[in-house]
Amino acid sequence: MEDDPRSAPVIRRMPLTLANKIAAGEVVQRPASAVKELIENAVDAGASDIALVLKGAGSSLIQVRDNGSGMSPEDAVLCFSRHATSKIVRAEDLEDIRTLGFRGEALASIAAIAQVTLRTRRPTDEQGTCVRIDGGLLAGNEPCAAPPGTSIDVRNLFYNVPARRNFLKRPTTEFRHVSDTFQAQAMANPWIAFSLESDGQKMFHLSRARSEEFSDALRERISALMGTEQARQLVPVQESTSYLSVTGFLGRPEHARKTRKTQFLFVNGRPVRSASIRHALVSAYDALLEERRYPALVVFITADSRHVDVNVHPAKAEVRFDDDRGVYNLLHSIARRALGVADLVPQYSRSTREASVQRQTWASQFWAPPRESGLHTTQFEGTQTSIVYAPDRSSAPQNAKLEEMPLLWQLHDRFILTRLRSGLMILDQQAAHERILYERALESLQSGLGLSQQLLFPQYITLNRPDYELLQAIQLHVTALGFSIELAPGCRVGISGVPSDVRTGAEKDLLRELLEQYKSNEEDEQLDSRENIARSIARCGAIRLGARLGTEEMRTMIDRLFQCKQPYRSFGGNPTLIQVTLEELTARFASVSPKDEGRG
Ligand code: ADP
Ligand code: MG
């Protein structure tokens with residue numbers, strides 16, 4: 001009976017070391033998570049200088065040294081036991097968390113899955129303490145000499161959790177995570193000096209910011225981390241409401257990157273990941289951004305800790321506000337105001353919904369009021385732009401002459417000029433057409449229904465073997481664009497139709513050029529094949545500088561440009577158009593001083 005397995009107790013208390021090992025998995029997923037916890041502890045300890053040393057991207061050694069408060073000999077041992085924390089005493093304290101750590105979990109977790117050596121001394125103590133823990137078990141505790149502050153060595157992370165250790169990514173990947181964590185912490189604490197050394201190489205050496213204002217100090221730190229040029233072009237945000245305050249910087253859209261590497265969000269000083277906050281800010285850029293470009297964001301949000309819950313995630317990287325939706329709207333409009341003040345684009349609109357309306361009214365500025373009627377409607381392939389315009393002829397006799405002037409004209413066969421109410425707009429015809437073709441191509445690739453124009457005389461071309469195979473690989477995309485092709489034996493390709501809207505004369509060699517462009521775009525590894533093909537067709541199919549355009553063509557071009565999601569920039573990021581206001585013109589004429597006149 002005694003041996004009957006059913007009578008054996010089923011629930012057992014786990015050995016503490018095992019419990020810690022399990023909890024460790026939650027807190028420490030990779031070297032970067034340990035780095036985050038150790039740096040946060042150093043910040044909480046009031047350090048003004050924090051040094052991080054890595055070996056093997058953190059999997060052989062993570063060392064964090066600080067000159068903070070240090071620990072007593074008792075605390076130096078106690079800090080490794082679970083839920084040991086000096087930061088929270090009562091449950092009510094959870095309502096008002098001011099330090100970065102509070103769970104008392106990090107050191108216990110790290111020590112459970114590594115070999116840890118702690119050296120620490122309070123400035124007032126004569127001697128320091130050295131504690132060693134191996135896999136959660138105390139392996140040494142003795143007095144030692146140590147500078148004031150704390151130094152923790154974490155060796156062989158996950159040495160006793162092979163599954164985790166094997167799960168680690170390549171050292172370069174792990175290093176990238178550590179470096180991201182390090183940079184976020186450095187950004188959040190500009191008045192603390194930070195350094196990072198990896199396998200004997202100095203990667204970062206950031207001195208303490210000198211400015212007393214936080215946003216100035218932050219700019220110094222951004223400058224040290226991202227370079228002076230990046231720092232100079234940032235648009236400041238600074239706003240407070242009764243609920244929260246926002247301080248930081250937004251990058252200009254033309255400097256947006258292909259990755260989110262320069263996006264840093266903080267809530268109450270803590271680096272956070274929050275898709276919703278990011279979206280609130282980034283959507284404020286509206287049409288200013290290229291697809292898949294990410295503007296720099298270094299944004300600090302401070303809210304009363306009663307309104308914000310930082311306790312939702314074991315690694316404390318996520319946040320929740322008691323009014324998430326309100327926070328979203330607030331952040332969105334704060335970002336919009338900041339970008340508006342920076343005057344990033346003419347006629348900046350207030351909301352996404354208004355944006356399209358705004359774009360139409362902007363377009364309406366240069367449409368000639370038709371003489372026959374007060375209401376003018378341009379109809380364009382199913383999309384209808386109605387522009388209500390009722391010229392009051394009786395009250396504007398001086399405008400009569402203006403109306404007789406051409407409203408659109410072409411300069412040197414490369415720029416399209418048009419009169420705006422507020423001045424002059426100049427389009428780069430090639431950049432504008434590229435934008436139009438690019439967006440059309442993306443739509444066609446999405447729907448698979450690109451419009452096609454039939455060739456009067458279908459043609460056959462012969463490709464070399466690699467090009468032929470490439471064409472086979474991307475055939476679906478190519479047909480979605482509007483090509484009608486037929487792959488024949490002997491690397492021959494029959495072409496009976498090409499996408500509509502490409503420049504006249506381009507049809508014949510279009511496919512060949514498309515393949516060339518596609519291959520050269522492939523060097524940019526960030527492009528997926530759709531993006532590549534859309535860019536390629538835009539490059540090859542767009543009208544060139546030097547092409548003469550008729551008034552109707554120019555009109556159509558502008559109309560189509562303003563139907564684009566992002567009319568202001570080519571996909572390469574260059575402007576498609578610029579605007580010169582009457583004020584600017586007036587100012588230029590006024591700036592000639594009498595002295596200059598005398599010389600002339
Ligand atoms: P938490 O930070 O959540 O309190 P940790 O496990 O990270 O939990 O740390 C436990 C305790 O050890 C801290 O509350 C703090 O008292 C002490 N401690 C940890 N690191 C340091 C350090 N670098 N300097 C001084 N004290 C530290
Ligand atoms: Mg901590």
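This is a short walk through one predicted protein model, from the whole chain down to a few helix pairs and single residues.

Okay, quick housekeeping before we look around. The model is predicted, so local features need pLDDT of at least 70 and side-chain atom pairs count only at pLDDT 80 or more, while totals for chains, interfaces and linings use all residues. Residues are numbered from 1 along each chain as its sequence is written, chains are lettered from A and ligands numbered from 1 in the order in which they are written, and side-chain values use heavy atoms, with hydrogens and water left out.

Let's start with the whole thing. The protein chain has 20 helices and 24 strands; those are DSSP runs, H or I of at least four residues for helices and E of at least two for strands, numbered from the N terminus. Of its 600 residues, 49% are buried. Buried here means under 20% relative accessible area, exposed means over 50%, and partly exposed is in between, with a 1.4 Å probe and protein chains only. Now contacts, meaning heavy atoms within 4.5 Å. If you take the contacts with a separation of 6 or more, 67% of them join residues 24 or more positions apart.

Next, helix packing. Two packed helices are described by the angle between their axes and the distance between the axes. The axes are lines fitted to C-alpha atoms, for helices over the stretch in contact, and the angles run from 0 to 180 degrees between N-to-C directions.

First pair: α6, residues 171-188, and α7, residues 214-226, pack at about 150 degrees with axes 9 Å apart. So α6 is roughly antiparallel to α7. For that label, over 145 degrees counts as roughly antiparallel, under 35 as roughly parallel, 65 to 115 as roughly perpendicular, and the rest as oblique. Who's involved? On the α6 side we have Gln 183, Ala 186, Met 187 and Ala 188, and on the α7 side Phe 214, Leu 218, Arg 221, Ile 222, Leu 225 and Met 226. By class, that's 8 nonpolar, 1 polar and 1 charged. Nonpolar covers Ala, Val, Leu, Ile, Met, Phe, Trp, Tyr, Cys and Pro; charged is Asp, Glu, Lys and Arg; the others, Gly among them, are polar.

While we're on α6, have a look at Thr 181, which lies in that helix. Thr 181 is buried, at 15% relative accessibility. Setting aside neighbours within four places in sequence, Thr 181 is in contact with Ala 32, Val 35 and Lys 36.

Second pair: α16, residues 510-521, with α17, residues 529-541, at about 130 degrees and axes 9 Å apart. That angle makes α16 oblique to α17. The α16 residues in the contact include Leu 510, Leu 514 and Tyr 518, and those from α17 include Ile 533, Ile 537 and Cys 540. The split there is 6 nonpolar, 6 polar and 3 charged.

Now some backbone oddities. Most residues other than glycine have a negative phi. Phe 158, though, has a positive one, near 65 degrees. Phe 158 sits in the loop between β6 and α5, and is buried at 1% relative accessible area. Asp 501 is another case, with phi of about 80 degrees. You'll find Asp 501 in the loop between β23 and α16, and at 17% relative accessibility it counts as buried.

Here's one for you: is Arg 435 buried or exposed? Buried, with a relative accessible area of 0%. Arg 435 lies in helix α13, residues 429-447. A polar atom of the Arg 435 side chain lies 3.0 Å from the backbone oxygen of Gln 566. Not counting residues up to four places away in sequence, Arg 435 touches several others, among them Glu 290, Glu 291, Arg 569 and Phe 571.

Last stop, two residues with partners from elsewhere in the sequence. Gly 149 is in strand β6 and is buried, at 3% relative accessibility. Gly 149 is 81 residues from Gly 68 in sequence, yet their C-alpha atoms are 4.6 Å apart. Pro 123, in the loop between β3 and β4, is exposed, with a relative accessible area of 55%. Beyond its neighbours within four places in sequence, Pro 123 is in contact with Ser 69 and Pro 148. From Pro 123 to Ser 69 the C-alpha separation is 7.1 Å, with their positions 54 residues apart along the chain.

That's the tour, thanks everyone.

Methods
A polar contact is a pair of N or O atoms within 3.5 Å; within protein, one must be able to donate a hydrogen and the other to accept it, and residues adjacent in sequence count only if both atoms are side-chain atoms.
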